[in-house]
Amino acid sequence: MKITILKNYLFTIIVFCTIFIIANTSFVKAEDDYTTVNTEIELEERYTEVSKNWVNIPNGNETIIITPKQFIHNLSIVNKANSNGYMSDVVEMTDESELKFNVEVQVTALYNITIDYYDFSDSILPQEGSIKINGEYPYYESRQLLFPLKWQPLSTEFKTDRYNNELLPKSKKVEEWLNTYVYDGSFLYSEPLKFKLNEGINEITIESKTGNLYIGNIEITSPNEKIDYNTYISQYVNEKTVEKIIPIDVEYIQSKSDAAVRLFSDTDPKSSRYDTRHKLLNAIEPSSWRKGGQSVTWKVSVEETGLYKLAFKYIQYTLVEMPVYRQIMIDGEIPFSELDNYPFHYTKKWKNETLQNNNEDFYFYLTEGTHDISLKVTLDPYRTIIEEVDVIMDEINELALKIKKLTGNKIDKYQNWKLTQYIPDVELLLSGWADHLDAQYIYGNSLNLSDNEAGELVNLKLASKQLRKLTDDPDQLPNHLNELSEGTSSVSQYLGAQMLRLLNQPLGLEQGYLYNGEDLPNPRANFFVRLWEGIKRFFLSFKPEGYSSTNSSADELEIWVNRPRQYVELMQKMIDEEFTPTTGIKVKLSIMPDENKLVLANAANTQPDIAMGVNHWLPYDLAIRGAALDLRQFDGYEELVAQYAKGAVIPYVFEDGVYAVPETQDFWVTMYRTDIFNVLNIPVPDTWEDVVNILPELQRQGMNFYEPIALYQGLKPFVATMPFIYQFGGNLYTEDGMGTAIDSEENVQAIKFMTDLFKIYNMPESVPNFYNHFRYGTLPIGIANTSTYIQLQVAAPEIKGNWDIALHPGIANEEGEIQRWAPVGGQAIVVFEGTKSAESSFDFIEWWMSTNTQSQFARDLQTMFGDSYLWNTANLAAFAQLPLPIEHKQVILEQWEWAMEASRVPGAYMVEREISNTWSKIVFNGSNVRTTIDDAVIKSNREILRKMEEFGYVKNGVVVKKYTVPTIYNIDYWLTEREE
């Protein structure tokens, strides 16, 4: 007995020692492997770092004009007569084209570059390009040349809707020759970029990445040295001050650089244009005027030459206890340096701000006549914080990569790590980052005029505190990566959120003034006026509001729309101006109170004729309960559905009918950073095999591939798991719909591969925000949808021109064709069974989803509200006409050839849930694939049969009514009109 116990004791010791040796050997080997790895991507340094080396280099003192005749190129030449008013022949640049020219300077010096250009593209986005000096990008920002646009309102008169509320005017892109300095694409610098030209001949290359441009003269100029206010005003000491007030009505915009800048109706009774009941457009909407580089220009008429003060009535409540900044120009010039980055401080209420410095009001000399006053969003004062945060985030990601390589990316909370033996300076790194963040916090607060600490910078404080906490036990940092770089409350997340906040500088304006010698009007109405107006509005609230789902007339088609008010206003305007006059059918749109209550509204017989913008899963729930109308019965149905991708119609099929049509649809494509991929010299993957092949190189550089399953923290919905099922040739359900087919051989392979990506190939299991990781370069490639695409188009200026899209990765079938099935579910239009105007309802859907109507609505939406309002119409021909880059539209339309959605059967939610549970059990618990799937099939089939019995397809376990499951393989049956 004692011998047996001794043997067991010795065996336990031997096993423990063996595990300890292996673990430590692996730890050391991982460290040795790491030392041979280069984790730095050799992109160019930032402008800030490069310019530090120019301390002893003077500014140039000459202007060199390069005419189109001097360009070196193989591009089309447009003669003067066809150049739209230019002084000479010009050169036409298109996508992926370039021109070169040589510049000779006498001494090495710094220069600005200006370009004459004419944008003749259909895009509402600025065209993109880049600049090389002597064959190289001098700094990273030179990859991001933008050619700004100029927009003007179509009318200075505000039209009203049927409820007498003013509507936003449409904007038009001004087609004229423009001139721009070369700025950085993110507008972190308020001044134009400088370029170092060496003594002798320099070759300059202008590259066009997108769009269609005519290029005229290019000037190499000396950087402007701005004078200060004292120098400026000393020129006008003998000029008189003009005693009067000249109001500047900000709602009458002369021009703007971005269609997104728009007006709104402020309800303070002191507003320049106010009505108790109706909405009058009277102010600049703060959230629309926040991105670096956005400028607005107003024209003001001055009757008397002299000196004036300049004031604005503004509100700024977004950056708490911190200012936002504007660059202020008069007639296109910054009068003095104090206006380069002028602060508008935090205020929750409207406030008058007379431009001044240290309580000394500025005076401006204006001659008789009209003058342009422009304000431009500038981020320069926050640049040091943003750049410091960016550097620290990069270094945190680099440290996290080191730790993962040392630990083999397998964290054991019971392991006592000795990290400082392998990264001796880890504690210094953590404390150093905290020190830098504390310094930036102090600097940020120096911009704050209030006695309170800036609440806007709280994330810097939290990140610093967390870094100092991690220094208490740096050896255990491997067990706390969720606090450093990966968790939702990690240092990286704090810093990323801080950067995004500072990149937005919203400012609302209600009135401007040129004045002197008189007091400005109070910015807010007094207490008694506001009280009286509040009482009046209270009683008016008992009357039906515009676009509410009440008081519709019997002769009107009632439509509930599940979209924000600005969409509904534009839709109603188009209907009243185009559809009703043509057809005689009156239509009343209402903002839908809650799409989830449509079933209840139907039960209470208060449903509308049509519901628009409803989620793509809802029509089936209505159809199976007899609440929706079958659209196959109408003449013209085949022509209507021919406009769509076939797979997009699948979720609207029930039995023999089709009970809705798509209104919008999503797209899932591969998004990748072209700058990083070019440096790494790795191909963009076309298949999942290609993805697996590039993973080692990405992971060696501390990067990875993003798969959308990582977005969903709990339930992994069909939108994430379904592509694998269909790409491997599988199906979700049996042919009769009475059970799931996820245990078929194709589906087992699909689920195994879907889990292997995370279990074996180490793709990240949790990525709450791919957009941020993509911008920072930690996930330079991934599969993402429309919302991420829009974010990157409009809210990632620092990587503009350095990313692209490609088709969704797929699986090659036996014939070698790559199966790229991916979801497209968006919003739908459904007609209710209870409608008394069925034919009129279908006529409306035909008109609304026609190519012309969808194209017009998409363009009007963006020209009124900005490029972030992308209308991803389900009409394929209309989508092809959207103002998007041609190459992107081609990719998206090709991907939509593989559009598909999950079939709906009673109990489908259980299949979705069990596929998600299967993924979690295999990835997190290491469960066996087949046994886990078998358990999922049992649970799913039980629920499907229960729901089939509820809806009358099964009775006592016996199928009594046939159920046909629509799939991408048989959907053609439902795409024709029903035979009578």
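Author: A charged surface patch is made of residues that have over 30% relative accessible area and no salt bridge, with like charges joined within 9 Å. With that cut-off in mind, we can go through this predicted model.

Reader: Which residues form the negative surface patch, and what makes it negative?

Author: The patch is formed by Asp-635, Glu-638, Glu-639, Glu-839, Asp-843 and Glu-846, and because Asp and Glu count as negative, the patch is called negative. Helix H13 (637-641) and helix H20 (838-848) are the elements that give two or more residues to the patch, and H20 supplies the largest share, three residues.

Reader: Why does Glu-638 count as partly exposed?

Author: Glu-638, which has its place in helix H13, has a relative accessibility of 35%. Buried would require under 20% and exposed over 50%, so at 35% Glu-638 falls in between and counts as partly exposed.

Reader: Which residues make the nonpolar surface patch, and how do you know that Phe-528 is exposed?

Author: Phe-527, Phe-528, Leu-531, Trp-532, Ile-535, Phe-538, Phe-539 and Phe-542 make a nonpolar patch of about 950 Å². Phe-528 is placed in helix H9 (residues 527-540), and because its relative accessibility is 62%, set against a cut-off of over 50%, Phe-528 counts as exposed.

Reader: What makes the contact between Glu-44 and Arg-143 a salt bridge?

Author: The criterion is a side-chain nitrogen of Lys or Arg within 4 Å of a carboxyl oxygen of Asp or Glu. The closest N and O atoms of Glu-44 and Arg-143 are 2.7 Å apart, so the pair meets that limit. Glu-44 lies in the loop between helix H1 (2-35) and helix H2 (47-51), and Arg-143 in the loop between strand S6 (127-133) and strand S7 (145-147), so the pair ties together parts that are 99 residues apart in sequence. The structure holds 43 salt bridges.

Reader: Why do Glu-44 and Arg-143 fall into the accessibility classes that they do?

Author: Glu-44 has a relative accessible area of 23%, which is not under 20% and not over 50%, so Glu-44 is partly exposed. Arg-143, at 10%, is under the 20% cut-off and is therefore buried.

Reader: What is the corresponding distance for Glu-510 and Lys-313, and are these residues buried or exposed?

Author: Glu-510 forms a salt bridge with Lys-313, with the closest N and O atoms 3.1 Å apart, a distance that is within 4 Å. Glu-510 lies in strand S27 (residues 508-515) and Lys-313 in strand S19 (residues 306-316), so this pair ties together parts that are 197 residues apart in sequence. Both Glu-510 and Lys-313 are buried.

Reader: Where do Arg-468 and Asp-435 lie, and why do they count as partly exposed?

Author: The side chains of Arg-468 and Asp-435 meet in a salt bridge with an N to O distance of 2.7 Å. The pair links distant parts of the chain, 33 residues apart, with Arg-468 in helix H6 (residues 458-470) and Asp-435 in helix H5 (residues 426-446). Arg-468 has a relative accessible area of 32% and Asp-435 one of 44%, and because partly exposed covers what lies between buried, under 20%, and exposed, over 50%, both values fall in that class. Elsewhere, salt bridges that share partners join Arg-162, Glu-556 and Asp-576 into one network.

Reader: Why is strand S41 described as largely enclosed, and which strands are joined to S41?

Author: Four of the five residues of S41 (residues 827-831) are buried, so this strand is largely enclosed by the rest of the structure. Strand S30 (residues 610-615) runs antiparallel to S41 and is joined to it by five bridges, with Ile-610 partnered by Val-831. Strand S33 (residues 661-662) also runs antiparallel to S41, through two bridges, and Pro-662 stands opposite Ala-828. Because two strands pair if at least two bridges are found between them, S30 and S33 each qualify as partners of S41.

Reader: What makes S35 and S37 edge strands in the open sheet?

Author: The four strands of this sheet follow the order S35-S36-S34-S37, with mixed pairing. Strand S35 (705-706) and strand S37 (803-806) each have a single partner strand, so one side of each is left without a neighbour in the sheet. Strand S34 (residues 669-673) and strand S36 (residues 781-784) pair in the antiparallel sense over four bridges.

Technical notes: Residues are numbered from 1 along each chain as its sequence is written. This is a predicted model: local features need pLDDT of at least 70, side-chain atom pairs count only at pLDDT 80 or more; totals for chains, interfaces and linings use all residues. Side-chain values use heavy atoms; hydrogens and water are left out. Buried means under 20% relative accessible area, exposed over 50%, partly exposed in between (1.4 Å probe, protein chains only). Patches are made of residues with over 30% relative accessible area and no salt bridge: like charges are joined within 9 Å, nonpolar side chains (Val, Leu, Ile, Met, Phe, Trp, Tyr) within 5 Å. Accessible areas come from the Shrake-Rupley method with a 1.4 Å probe; for residues, only the protein chains shown count as cover. The place of a charge is taken as NZ of Lys, CZ of Arg, CG of Asp or CD of Glu.
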